[in-house]
Structure formats: C-alpha cells, structure tokens
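User: Please give a close look at a single helix in this model. What lies on each of its faces, and against what does it pack?

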Amino acid sequence: MSEYDTNMGASPATAAGGDPMSASAAHAQLKKVKKQKVLLMGKSGSGKSSMRSIIFSNYLARDTRRLGATIDIDLSHVKFLGNLTLNLWDCGGQEAFMENYLSQQRAHVFSNVGVLIYVFDIESRDVERDLATYVNIISALVQYSREAKVFVLIHKMDLIQPMTREDVFDQRATLVRRKTAEAVAIMHKQKPEQGASSGSNNQALQPSSSPTQPTSTPTPTTSEPPINLQLFATSIWDQSLYKAWASIIHDLVPNLSVIETQLASLGLAIDADEILLFERTSFLVVSRWTSREGERNPYGDRFERMSNILKSWKHTCSKYTGTPRNAEQFSDFEYKMGATFSMFATKFTTNTYILVCMPPGEARFNSAKLNVAAARSWFKFLDGPVVPTQQAGGARGMGASSGYGGDGVGAPES
Amino acid sequence: MSSASAEEDGDVSADTSSGPFRPRPVRYISPAALNLHRVYEQNRQRLQKKDGAKVPDATTPQTKGRPRLLLMGQRRSGKSSISSVVFHKLPPTETLFLESTARIQKDSLSSFMEFQVWDFPGQIDIFDNPNFTFDMDAIFGEIGALIWVIDAQDDYLEAVARLNATILHLHRSYPHINIEVFIHKVDGLSDDYRLDIQRDVTIRIQDELSDQGVENAPVNFHLTSIYNHSIFEAFSKVIQKLIPRLGQLEAMLTNLCRTCRFEKAYLFDVNTKIYIATDNTPEDMASYEICSDYVDVIIDFTEVYGSWPRSEQWRERLEGEPWAQPLDDQVACEWAESGMVLAEARRPIMLREVDRFLALVAIMKEGSYEKMPQINMNVDVVVKGLTEFFEITKPKEIVGGAPGLASPGLA
C-alpha cells in the first residue's frame, strides 16, 4: 500500500487548517481546498470522454458509441464524497486543439493542475507522434504545476490478444516512462531554479516510477524525476477502468488516513473479512480494509470487479424502475451463502455505500449489521467539508451550507 | 446417427454430472477461460472433420427420457450462436467468430432435468439428401421440441418454405412435436417492423399448412435476439412445455405469491438463467430481466468471495468461544439466500437457492422487507415442496405417480 502513504502529506495539512476557523472562513477555505483540477488528455478518439461517461455518468460501455468528438475543453464539476469536487477538464484531442492548449491557453490549461490523466490508444498507428505530443504536454505540466500527479492510461486493451496484453503493456509502459523522464530532465535543465524549489518537497512520491528509471536518461538535476507517474492498462469493456480510476480518486480523497483507521477499527469490531467503501454515484472504491483471512482471497481484482458488478446492477435497476441512472437504486442488500460466507451492502453515509463480507453465522451477521449502522456517525465527516472527526457535527452543518444540496443533513439514521 | 450415438455409449459420461460446485460467472470471463473455450471449440471441430460419423459429444448413455431440443434452420441463421450463448455462456459479441457447423453438434444440459440440445447444420436438408439417409426415428423419436431459427434480417421466404416442408414431413409420423419458431436477430429492427415480420411469417406458415390440410399444428412463434434477454425467455417457454406437471409447480409459486404478497416469482435454472416456472400473473419481460440479472449478481459475488477455501484457524476461531458451535449450526439455511431493497418504493427482491441447479427469485411488494422473517419461513416451506416435487418427478418411469403432492401448506 505504498500509495496510501504518499497521500498522507496532503490531508493532515488541510485537516489542521479546518479547526480554528469560523464558519465563513472555513467555507472560503473549503472552496479553495476541495476543488481539484483534473486534466483528461490524449489523442482524438482515444476514449477520454467514453471513460468519463462510464465512470461519472453511469453510461454502459456500449452507450459510449453515440458520443461525438469533444470540441475544445469540456468542463465538468464532479461532486465526490461531498467534500471533494473534481474539476474535470475533458480536453478534445484533435491536433488543432492540442496546439492551442500548448500555445495560447498554456497557462490557463496547465496551471494549478492536481492530476493529469493522459490516455494512449494502444491501437494507434503513429506511436512516435503520440509520444511527441505527450512529451509536450508533460513539459507544459512540469512548467506550470510541478506537484501534479500523472496517470497514464494505455487504453483499448481489449483490442489486443489476451495472451500478449501484458507484454504489449509493459513495452509501452517502459517507453512512456522513458519519454516522461526525458521530458522532465529537459525541463530541469531549462529551469533549474524552479525545479529545485518545488521539486524537492515532492521527491518522496515515487511509488511506481522509480524502479524503472531508465538507463538512457540524460542525467537529470535531481536523482529522480519529480513526477509522480502511474500507468494502467484499461478497457471500457472490463473492470480495468475501475481499477485505474479508483487509484486516481484514491489519491485525491481528503482525510484518507482517518477513513482508513476507522474502517480498520470497524472491521475488527464486527469481525469482518473485508470492508469496501464505495462512492455513491461512481461506485469507485474509496477505501477498503481486509482481514488477514480476507487477504487470502485469490481474486486480486475483486475491488474493481465489485464496482463493475454493482454498477451494472444499478443499471438494471434503473431500467426496471424507470428512474434516472444517477439516482440511488438500492438501499440494502444481504446475501448469506450457507456456511461459506455472508455479506451485506448498505447505504452508509449520504455519499457512500459500504460492503461488508464476513464469516457465516446468523448472530454474527445481525450484530454486524447493527454495528455498521451504529458506526455511521464515525463517518459523518465524509459528507461535509474537511475537518477533523471530533468536529463531525459542525462539519455536517457546513456541508449543507456550502451548497452541497439538501441531502447533506438528510442522513436519517442519527 | 443412431449407430453413432450407440458407439458413444461407453466412454463419455462423467463430465456432465460433475459440474462445478458453484455456477460459473457470467459477465466476467477471464481471458484464460475464454481462450480455453476457444481451443476446446476448435478441437471439437477438428475431431468432427476427421471422423464425421463419430460425433464427440457430452451426452450420457441413457438418452431415454431425456427430452431433446433440435435447433434447425437455414445456414447462418444463428443456431450455433444461440446454443453457445445460452448453454455455454459465450458473450454475444464473441459469436461473430463461430465457424459454420459441419455436423450435428450435441450438447447436453444437466440441471433439474437432463436435456440434449442438437445443433443441426443448416446446409443439410435431412428430408431430401441423396448422399445420406438419416434415421428419422433416432432424430425425432425422443424429441421434445423442434426449434426453427429464422433470420429476420435476411430474406426469410426460403426459410419459411423449408420450415413448411419440415412441418409437413413431421406431422405424419410425429404429430406431437412442438415446433417453436424463433424469429431471430430482431435486435436491430424497430418494434413495429418486428411485429410485421412475425405476422407475415405466421400467416405464410398457417396458409401453407391449411392448404395441405394440416390444421392446428403446434407451432409457436418467438421474437429473439442473443443481445438481450429475449433468447433466454424464449428458451424458458420452450423448456417449460417439456416439464412434467408444470401446472403443479406453477400452482405452488402462485400460492407463494399470494401468501407472501410477491409481485412475481420465478424458478430459475441458475446455470442457463432459463426460468422453468413462474406464477400465473401475466408475463412481464422487465421483471424477468431484473430477476435474471440479480442471479448474475449473486453468482458474481459467490465467485469472488465464496469460491476459495478458508483456513483452518479461521474456522476454529469462529467455532470457538463465545459461539461454541460448528459453523454449520450457526447458519439458518445451508443454501444461498439473499435479499435486496430497491430504492424506488422500497421494493425488495429476494433469492433463495433450492438446490445446486435451481433458485427461486421473487420481486416483492413495496414495504414488505420488514416481514422478511415470516416470508423466509414461507419460502422454506415452498422450497421443501419443490425439492420433493423434483424428487418425485425425476425418475421418468413413475411420471404419473405424483398425485399426492398438493401445494404445500403455507404459514
């Protein structure tokens, strides 16, 4: 779980900033802190808007066929967990737009970026050119927002023969890493003073890119590229998309350490094997806890599979009930598989669902359900702005006033 | 053909009955599994080419008492795709890669009842073949239903003509065969156009038959597509006709629905998601879809969390203090049971496994989630009744011998 640790740097700072303030100051601070600018870029037709629609608008994979080309930049604000808003910049990928982003709009597009998601089409014929564009983008990003995290998605992997997928991905990943390092190194040479100042406090964030530090890199000024790069192989036709987006989201969630500690104590208290916390609309896994026994589960991809299963189930429900896709579709679920295991999923806080998998046994099951209901108040802070947990009550009030919508205070179970 | 199946009698038998403990997942198929499937398909086809008379199949020796479904129709009308999607869980999009069938392919469906599915190559006319005469009795003797597939997106006049010829042939010797016409590949057509086609086909067949003096032939029509639930629904209807004493089953479900205030209840074959019985309220595609998808959800969850063995320490800890009871005694029901409340009108859906193959799925009326305990007791009684029912109807020799089974008394 190295990426868990990397994120901790950001959240305590924001959390600490919350407590001494008056409501209005907190409100203002809230607005500033919680918006995260996310750039979604890549060549035209690589599938940026498709994946966005699937993750945040509950499209089915086959529905994305009717999406047209994105013109210029499609801005959307995605509410996530009440206290985090993603400012999603879906950037049309046609060359004319790309040039525009890199020249006239350069400062506008690339400043204050929290995350850059760059999508490569694996089937693309002109890889060199794709990489050249990518390098330009990375240079611009390094110039204006050094702290931004970069996620590279090698997309449309379903078009590759299953046998060779891993090799193809590894090959492309190495290539992308090398190019990234080169681009960063060049930027370093150009602007050494800027690189030294803001790059230094970010060096620790090297979960996945440092081991493949290529040999051919023309000696950068710092020993490692100050870019936090992660690569994923994705396809909209299976759960791999959820895996990638869950890691993207995971790094953005404020108060993550608090969530994790509390989830762990809840898990131990109710004797669960696994607990997953989902965001309400996207059903991405926000956080999870697994017992030692649960770790023996051979399905390493189970988290994204759960997202996928529940999401398509939601779709079935909306078809049946005739309610909008983004509406809440189910509230309680329980499943007891004889003497093998039991599980239940329920609406947890306003913005989350919780799924608990646990050992069989009626008594155990019922008490766990009650305990989970009782633990809701621990997690109330998920609905409000960023404040420490002991101020959860105040947090809820602010959440409502910050225009989150009426349901900020609507949690009926208190 | 009869000699071929007689030759087969000896060797293949085991793999039909020893299915996996839990059903395979449906939506998620790992690349490895898919590949394995492809290799298996290829081998089978190669074997067929090498030795045409000996069809490698999975049927067990005693074909007696096992209803047979015949899939026939013009070439490229979609017969093999149908059987792959319904009986082998091939994703519909993968059917593009299926090769044309050269010989009769036999599949067997082992569930609460044993079925055989025979997929006929479309290019062979079995009634008028100069090279090879088919043993009609071997093919049609044990037949449960003849499924004739018509490609609705193609010119279907020839298909209809061949179907008419087939019906006329069969009508003489085997008048009781159900003939089910699947008007297939309707997914790309508008609703109105579908109905037009269905009407047109119906009229053409009936006119032709009555010209030939055949009245009231048992012909039914279904609009189907492999890209949605319609193919499963159509198969459900076909298979229901083959179930002995279906009326009893339906009465049990109807009774359950009335007692527990269910809107709709289905008895599913979990492996194929064909429903073998439902209560007597009007058919409703939407509720079938949601129930069938619910079965999928449960199967998927079971695969992820229920398909791997837990450690001994885990079991010991759970059976120790303060529980001090074997795990089997800590649970109320040894089979899967599940419920989910839909947000809209708080309408619950419930699922209960009956045995390895069957599951009862029902949509309940709004607000009945609070009464779940009573409902579970009622469902228990019905499940016991169902188990008894299949116990009794299984051996075919005493097919008529189940008069004592009245609908079970519900609480």
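Analyst: **One helix, two faces**

The exposed residues B:Pro373, B:Met377, B:Lys384 and B:Glu391 are carried by the face of H13(B) that is turned away from its buried side. Exposed denotes 12 or fewer other C-beta atoms within 10 Å of a residue's own, buried 20 or more, partly exposed the range between, with C-beta atoms placed from the backbone. The model is predicted: local features require pLDDT of at least 70 and side-chain atom pairs pLDDT 80 or more, while totals for chains, interfaces and linings use all residues. Residues are numbered from 1 along each chain as its sequence is written, and chains are lettered from A and ligands numbered from 1 in the order written.

On the buried side, H13(B) contributes B:Ile375, B:Val379, B:Val382, B:Val383, B:Gly385, B:Leu386, B:Phe389 and B:Thr393. Viewed down the axis of H13(B), these buried residues fall within an arc of 165° (taken from the directions from axis to C-beta atoms), so they line one face of the helix. Their packing partners in chain B are helix H9 (246–260), strand E10 (347–353) and strand E11 (358–364).

Helix H13 of chain B covers residues 372–393; at 1.5 Å a residue (times one less than the residue count), its 22 residues should span 32 Å, which agrees with the 31 Å between its end C-alpha atoms.

Chain B as a whole contains 13 helices and 11 strands, these being DSSP runs (H or I, at least four residues; E, at least two) numbered from the N terminus. Of the 411 residues in chain B, 38% are buried. Among contacts in chain B (C-beta atoms, placed from the backbone, within 7 Å) with a separation of 6 or more, 71% join residues 24 or more positions apart.

Note on methods: Contact = placed C-beta atoms within 7 Å.
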